[in-house]
Amino acid sequence: MKRLALRLFALLVTVMLGLTAAATPSVASPASERCSAEVDTSSNYQYRCEFGIFPLADIPAGGAVKNGVFQLAVTHFSDYFPFSGCGDVLKVNQTCALMPGNAPVQVTEIGSNYYILKSLKGHPEGENRYIKFAVYIIDNELRLGILSWGEPSVVAKATVSFGGATALWGGYARNLTKTVYP
């Protein structure tokens, strides 16, 4: 696994060094760098977050950087995610007890640039809440987007309104930045 991480990192560095001379920084709309509630009804509480990971400027190989960062996020999960308990490699249907706090989740889906976790019975935010983590490019910036939805809970709402979600997922974005800037 460490060998794969080193290969992906070497690929990223090669791409970045080879294209640095041709890349000129461009002005991008920065990511919001925060989490905020989007829907608050009796049946759904949804919040969204967005954090910048890496300014891509006009680098033609931005897609390769995005893919490399996402692959590291799911194959070296425990190195970057703010909670332990899932191990290194995420797998669909995998059940994890995220620590600290014993927050049980299940990996329900892994796509080409995202994964979704579902909260299970005993999770502090309640059962059957979903959270999607996606790595994507907008305005020449590699970003981490988070979308959480499901039945409302006091804990989910408090996590967003008191800034806990912003601090937690912002830390995750900073950890993913280390895949590009070790």
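**Legend 1. Overview of the predicted model and its confidence.** Residues are called buried under 20% relative accessible area, exposed over 50% and partly exposed in between (1.4 Å probe, protein chains only). This is a predicted model in which local features need pLDDT of at least 70 and side-chain atom pairs count only at pLDDT 80 or more, while totals for chains, interfaces and linings use all residues. Residues are numbered from 1 along each chain as its sequence is written, and side-chain values use heavy atoms, with hydrogens and water left out. The protein has 182 residues, of which 45% count as buried, and it contains 5 helices and 7 strands (DSSP runs of H or I, at least four residues, and of E, at least two, numbered from the N terminus). Read from the N terminus, these elements follow the order α-β-β-α-α-β-β-β-β-β-α-α. The mean pLDDT (the predictor's confidence in each residue, from 0 to 100) is 84, and 81% of the residues reach 70 or more. Residues 1–28 have pLDDT below 50, although beyond near neighbours in sequence this stretch makes 32 contacts (heavy atoms within 4.5 Å) in the model. Where pLDDT is low, the predicted coordinates should not be read in detail.

**Legend 2. The hairpin of strand 3 and strand 4.** Strand 3 (residues 95–98) and strand 4 (residues 103–110) run antiparallel and are paired over 4 bridges (pairing requires at least two DSSP bridges). The two strands form a hairpin with 4 residues between them, and Gly101 in the turn has a positive phi of about 105 degrees. Along strand 3, Cys96 and Leu98 point to one face and are buried, whereas Thr95 and Ala97 point to the other face and are not buried. Opposite Cys96 in this pairing stands Val105 of strand 4.

**Legend 3. Ser119 in strand 5.** Ser119 belongs to strand 5 and is buried, with a relative accessible area of 4%. Apart from neighbours within four places in sequence, the contacts of Ser119 are with Pro104, Val105, Gly126, Glu127, Asn128 and Arg129. Val105, which is in contact with Ser119, is also the residue opposite Cys96 in the hairpin.

**Legend 4. Aromatic pairs.** The whole structure holds 11 aromatic pairs (ring centres of Phe, Tyr or Trp, its six-membered ring, within 6.5 Å; planes under 30 degrees apart are stacked, over 60 edge-to-face, the rest tilted). One of them joins Phe77 and Tyr115, whose ring centres lie 5.8 Å apart with the planes at 80 degrees, so the pair is edge-to-face. Phe77 lies in helix 3 (residues 77–80) and Tyr115 in strand 5 (residues 114–119), 38 residues apart in the chain, and both residues are buried. Tyr130 and Trp149 are stacked, at 5.5 Å centre to centre and 15 degrees between the planes, and this pair links strand 6 (residues 129–138) to strand 7 (residues 141–150) across 19 residues. Tyr130 is partly exposed at 26% relative accessible area, and Trp149 is likewise partly exposed at 25%.

**Legend 5. Trp169 within the nonpolar core.** Ring pairs link Phe77, Phe81, Phe83, Tyr115, Phe133, Trp169 and Tyr172 into a cluster. The largest nonpolar core (buried Ala, Val, Leu, Ile, Met, Phe, Trp, Tyr and Cys joined through side-chain atoms within 4.5 Å) has 40 residues, and those with the most contacts inside it include Tyr47, Leu144 and Trp169. Not counting residues up to four places away in sequence, Trp169 touches residues including Cys35, Tyr47, Cys49, Phe51, Pro82, Ile131, Leu144 and Ile146.
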